[in-house]
Amino acid sequence: MTNITTWIDEYHKGSRFGLNGKILIKKTSKYQEIIVIENEYYGKALMLDGCWMTSLKDDKYYHECLVHPALSSIDEKSNVLIIGGGDGGTIRECVKYSRISKIDLVEIDEEVIKISKKFLREIGSEAWNDKRLEIHVDDGVKWVKKTRDNFYDVIFIDSSDPSEFSNLLFSDSFYKECKRILTPSGILATQSESPESFKNIHINILKTLKNIFKVSETMYSFVPIYPSGIWSWTFASSENLNLSKQNYDEVLKIEKGCEIWNLDFQNAAFKMMPNKIVKELDS
Ligand code: SPD
């Protein structure tokens with residue numbers, strides 16, 4: 001590739017969110033266009049089909065918030081499913097927990113995994129070699145359908161925004177299947193879009209999860225390279241959630257090693273629902 005720097009923008013509702021840098025790879029897979037750019041401040045950054053996914057500088061804002069509220073509260077040896085997550089950030093956070101016995105990573109686009117391993121190695125780093133990890137190049141919706149009842153303790157949905165091929169990951173039927181394959185106290189943790197730039201989708205995810213699960217709770221924080229910056233993650237379960245308990249010494253060590261997440265941060269983030277979202281959910 002060339003040494004010339006260029007602007008790559010995510011276009012969203014008449015705004016654009018761009019990074020300037022050198023393009024390291026630009027490739028169209030069976031599913032999408034994949035770009036890795038190297039920016040002076042954010043480091044290497046991944047864009048899929050015109051949407052920023054992650055960057056070396058801000059990946060922890062996203063992946064730590066998706067993973068730690070769920071895993072820091074688990075009690076037993078657990079089986080984990082990650083749907084999407086081909087950049088490796090979610091597995092990196094999961095492998096920190098010795099109580100995880102198995103991690104199935106189900107990513108539909110093998111090219112995302114290959115490109116992330118090659119160009120964004122720092123994100124997944126050693127987690128790619130973890131013996132508990134099994135990588136499945138498969139459609140997450142089909143994977144969930146063929147999984148037996150009560151199989152996983154935690155499911156992470158680390159998807160892109162809704163699109164032609166990811167739409168079903170936001171559907172009522174898919175969330176119901178997730179509930180079926182979770183253990184009774186299992187936790188579904190999903191990125192739930194932005195209350196600002198993807199407000200309608202965000203509200204829809206929250207309402208759907210509330211209807212299907214006994215409890216669901218949403219936390220808000222920032223992902224600097226995403227449209228509008230504010231982002232959300234929602235956690236749902238068929239039993240009461242107690243995401244603020246930290247069960248064992250290992251969690252305290254994990255907390256110390258995090259760049260963004262800690263228990264105080266988490267507790268505040270679960271109280272950050274903007275009032276306009278509160279009102280719409282109540283209406
Ligand atoms: N607008 C971008 C939403 C993408 C959320 N998933 C990011 C994947 C990072 N593992």
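**Exercise 1.** In this predicted model, work out which helices the buried residues of helix 8 pack against, and which side of helix 8 is involved.

*Solution.* Begin with the partners: the buried residues of helix 8 pack against helix 1 (59–71) and helix 9 (263–269). Next, list the residues concerned, remembering that a residue counts as buried when its relative accessible area is under 20%; in helix 8, which spans residues 249–257, these are V251, I254 and E255. They cover an arc of only 100° around the axis, and therefore they lie on the same side of helix 8. Finally, turn to the face of helix 8 that points away from this buried side, where the exposed residues D249, K253, K256 and G257 are found.

**Exercise 2.** Determine how the radius of gyration of the protein chain compares with the value from the globule rule.

*Solution.* Start with the make-up of the protein chain, which has 10 helices and 12 strands. Its radius of gyration is 18 Å, and since the globule rule gives 19 Å for 283 residues, a value close to this, the chain is as compact as a globular protein of that length. As a further step, consider burial and contacts: 57% of the 283 residues count as buried, and, among contacts with a separation of 6 or more, 66% are between residues 24 or more positions apart.

**Exercise 3.** Describe the surface and the charges of the protein chain.

*Solution.* First take the accessible surface, which comes to about 12500 Å², with 49% of it belonging to carbon and sulfur atoms. Then take the charges, 37 positive and 42 negative, whose mean positions are 1 Å apart.

Technical notes:
Residues are numbered from 1 along each chain as its sequence is written. This is a predicted model: local features need pLDDT of at least 70, side-chain atom pairs count only at pLDDT 80 or more; totals for chains, interfaces and linings use all residues. Side-chain values use heavy atoms; hydrogens and water are left out. Helices (H or I, at least four residues) and strands (E, at least two) are DSSP runs, numbered from the N terminus. The radius of gyration is taken over C-alpha atoms; the globule rule is 2.2 Å times the number of residues to the power 0.38. Buried means under 20% relative accessible area, exposed over 50%, partly exposed in between (1.4 Å probe, protein chains only). Contact means heavy atoms within 4.5 Å. Accessible areas come from the Shrake-Rupley method with a 1.4 Å probe; for residues, only the protein chains shown count as cover. Lys and Arg count as positive and Asp and Glu as negative; His and the chain ends are not counted. The place of a charge is taken as NZ of Lys, CZ of Arg, CG of Asp or CD of Glu. The arc is that of the directions from the helix axis to the C-beta atoms.
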